[in-house]
Amino acid sequence: MSYDLLFRGGRIVDGSGLPSYVGDIAIKDGKISEIGRIQGGAVKTINVDGLVVAPGFIDHHTHMDGQIQWDPYATSEPEHGITSIVMGNCGLALAPVNRGDEEALVKSFVRVEAIPRAVLEQGIQWGWHSYGDYLDRLEGRLGINVAGLVGHIAVRQYVLGDASTERPATAEETQRMKQLVREAMEGGAIGFSTNRNDRHMREDGKPVPSRLAEDEELFQLCDALGELNAGVIQINEGQPKIAKQFALYDHVARRTQRPVVWQIVRYIASRPNLWKEQLDAVAAIFQSGQRAYGASSTTPTVRRFTLKNTQVFDEFPTWKNVMSLPLEARKQTLADPATRQKFRDDFSDPRQTLFHRRWDLVKIEKVVNPENEKYTNKSVADLAAMRSEDPLDAFLDLALGEDLETSFQNAKSGGDQQAKAEILRSPYVLVGNSDAGAHVQYGAQFGYGTTLLGLWVRQRGVMSLEQAIHKLTFEVASIYGLAGRGLLQPGYAADLAIFDPEKIMSCEPEWAQDYPAGTKRLIQRAVGMHYTVVNGRVICEDGRLSGDLPGMVLRTPAYKARGAAAGA
Ligand SMILES: [Zn+2]
């Protein structure tokens with residue numbers, strides 16, 4: 001038999017978690033054909049002796065809904081061995097949409113996901129209506145595989161229009177929304193997402209529509225998935241309130257028997273025991289027979305910001321007001337001692353906030369003036385000590401002296417290695433929270449998988465390579481219902497990540513100017529990732545994209561192909 005592609009002599013880590021072994025892997029017609037010692041020839045044979053051959057990674061938490069329209073590879077995903085992505089998270093989606101409502105959907109993406117307006121205005125060529133239309137239009141134009149969740153925000157906007165940001169739904173409206181969710185699933189969505197995060201607003205300051213939903217509305221929309229026995233339910237809740245949230249996850253999982261995925265399990269400096277409470281709460285749900293996976297990232301969440309453009313301090317009223325002033329007025333206000341006193345008062349309010357208020361966790365990333373070079377990579381606490389100033393004054397004075405161009409990094413989480421290792425090892429935790437396609441000027445976490453393999457497996461030894469690959473592949477495919485993916489088995493899709501286990505690592509994010517409207521964004525490269533293969537074709541080799549478009553839209557068994565539904 002002649003194969004299309006043959007990789008010889010790699011170490012097969014098959015995604016199941018079983019111990020790895022050395023073997024060849026042959027591909028024909030986009031599928032894995034044979035694994036082991038392969039006698040037949042192939043159109044192309046590549047020697048991968050010394051490299052690991054794994055299933056392609058599946059990034060389940062992206063906001064690529066917009067970017068995938070102009071970038072068929074969802075870069076920088078393939079550079080990290082990612083062969084499939086899930087978009088439509090956190091309630092945000094670009095379908096279903098009524099003509100004239102496009103702008104309302106853009107408003108949420110601009111603010112919640114920090115994607116510059118000009119990018120979306122120029123990059124998205126609207127024209128679809130239903131969720132199925134939206135997916136169908138991607139077919140044939142994809143470098144990687146794409147699956148989508150239908151977002152509560154879009155569904156609510158569709159049925160309630162402008163009232164979606166103002167009031168609860170009537171029983172009749174809820175039924176129409178439920179029907180829309182059902183149609184989206186039948187059109188190819190792999191699940192439903194919602195957003196109950198009380199910090200999430202649209203660009204116009206209105207709450208995102210899903211926040212107006214009462215519990216009963218959410219339950220009924222989730223029932224659409226229960227009735228179809230298909231799909232995953234993703235919930236973004238924001239500020240963790242343990243008892244209330246876990247009761248909700250438990251209830252949704254129980255009434256639908258569908259897996260729930262919630263954001264996020266993490267170590268945060270402002271609440272050092274939170275992660276343990278979260279894992280205990282979720283363990284109880286699994287013990288009772290329901291599924292409610294917590295998602296967690298593999299990297300400390302780092303946000304880059306300048307005082308020209310940041311949401312870091314939005315939880316504090318004085319800060320928020322000052323940051324929304326025009327630039328010149330903002331500079332004057334930031335210099336004003338009375339305002340600085342108000343900032344301090346804001347920070348000393350004892351209520352829980354996501355911002356940790358610790359100046360040792362805010363780092364100076366890049367200065368503008370050469371004489372400030374000595375502060376680069378120092379924390380604001382160090383800066384204050386060096387200048388014998390109060391930290392807040394030191395922080396603001398440095399930025400003001402550089403016309404607010406100084407670039408800072410805020411490390412929100414990940415400070416405790418022991419905690420992070422336990423989080424990553426938990427069977428109830430789904431790794432990867434890349435948020436790819438969002439916050440494009442604040443950070444880039446395409447490399448959550450290469451970081452897991454390089455940092456947590458090779459350098460820190462917190463789990464085996466086989467376990468890590470399992471978490472990046474088959475675990476995700478199983479929870480998200482991506483049949484025939486995530487394992488190296490004959491008959492499975494030939495989605496592969498082939499890398500050097502001694503070198504694999506993510507690089508520091510870097511700036512690129514490859515977005516519509518000439519907009520800058522952060523991308524991320526990897527070292528040690530040699531081949532990324534999608535449906536049997538190499539789309540990325542040593543960081544170079546091939547130009548091939550073998551990607552597909554991935555759907556669940558609830559999908560009814562156009563025409564098939566009418567004939568049935
Ligand atoms: Zn998200």
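A strand is a DSSP run of E with at least two residues, and strands are numbered from the N terminus. The model used in these exercises is predicted.

**Exercise 1. Place Asn-195 in the fold and describe its surroundings.**

Step 1. Find the element. Asn-195 belongs to strand 9, which covers residues 191–195.

Step 2. Decide whether the residue is buried or exposed. Buried means under 20% relative accessible area. The relative accessibility of Asn-195 is 0%, so Asn-195 is buried.

Step 3. List contacts, leaving aside neighbours within four places in sequence. Asn-195 then touches ten residues by name: Cys-90, Gly-91, Leu-92, Val-112, Ile-153, His-200, Val-208, Ser-210, Arg-211 and Asn-236.

Step 4. Pick out what the side chain does. The side chain of Asn-195 reaches the backbone oxygen of Cys-90 at 3.0 Å. With the side chain of His-200, the Asn-195 side chain forms a polar contact of 2.8 Å.

Step 5. Check a residue elsewhere in the chain. Val-312 lies 117 residues from Asn-195 along the chain, and their C-alpha atoms are 20 Å apart.

**Exercise 2. Describe the site of the zinc ion.**

Step 1. Name the donors. The zinc ion is coordinated by NE2 of His-61, NE2 of His-63 and SG of Cys-90, at 2.1 to 2.3 Å.

Step 2. Write the spacing of the donors along the chain. The pattern is H-x1-H-x26-C.

Step 3. Look at the accessibility of the histidines. His-61 and His-63 are both buried.

Step 4. Link this to Exercise 1. Cys-90, a zinc donor, is also among the contacts of Asn-195.

**Exercise 3. Work out which side of helix 11 is buried.**

Step 1. Collect the buried residues. In helix 11 (residues 327–335) they are Arg-330, Lys-331, Thr-333 and Leu-334.

Step 2. Compare their directions. These residues cover an arc of only 165° around the axis, so they lie on the same side of helix 11.

Step 3. Turn to the other side. There, Glu-328 and Gln-332 are exposed.

Step 4. Find the packing partners. The buried residues of helix 11 pack against helix 10 (317–323), helix 12 and helix 14 (391–401).

**Exercise 4. Describe Thr-339 and its contacts.**

Step 1. Find the element. Thr-339 sits in helix 12, residues 337–348.

Step 2. Apply the cut-off of under 20% for buried. Thr-339 has a relative accessible area of 7%, and therefore counts as buried.

Step 3. Identify the polar contact. The side chains of Thr-339 and Asp-336 make one at 2.6 Å.

Step 4. List the contacts beyond four places in sequence. For Thr-339 they are Thr-318, Val-322 and Thr-333. Thr-333 is one of the buried residues of helix 11.

Key:
Residues are numbered from 1 along each chain as its sequence is written. This is a predicted model: local features need pLDDT of at least 70, side-chain atom pairs count only at pLDDT 80 or more; totals for chains, interfaces and linings use all residues. Side-chain values use heavy atoms; hydrogens and water are left out. Helices (H or I, at least four residues) and strands (E, at least two) are DSSP runs, numbered from the N terminus. Buried means under 20% relative accessible area, exposed over 50%, partly exposed in between (1.4 Å probe, protein chains only). A polar contact is a pair of N or O atoms within 3.5 Å; within protein, one must be able to donate a hydrogen and the other to accept it, and residues adjacent in sequence count only if both atoms are side-chain atoms. Contact means heavy atoms within 4.5 Å. Donors are N, O and S atoms within 2.8 Å of the metal (3.2 Å for Na, K and Ca); water is not among the atoms, so sites may look incomplete. The arc is that of the directions from the helix axis to the C-beta atoms.
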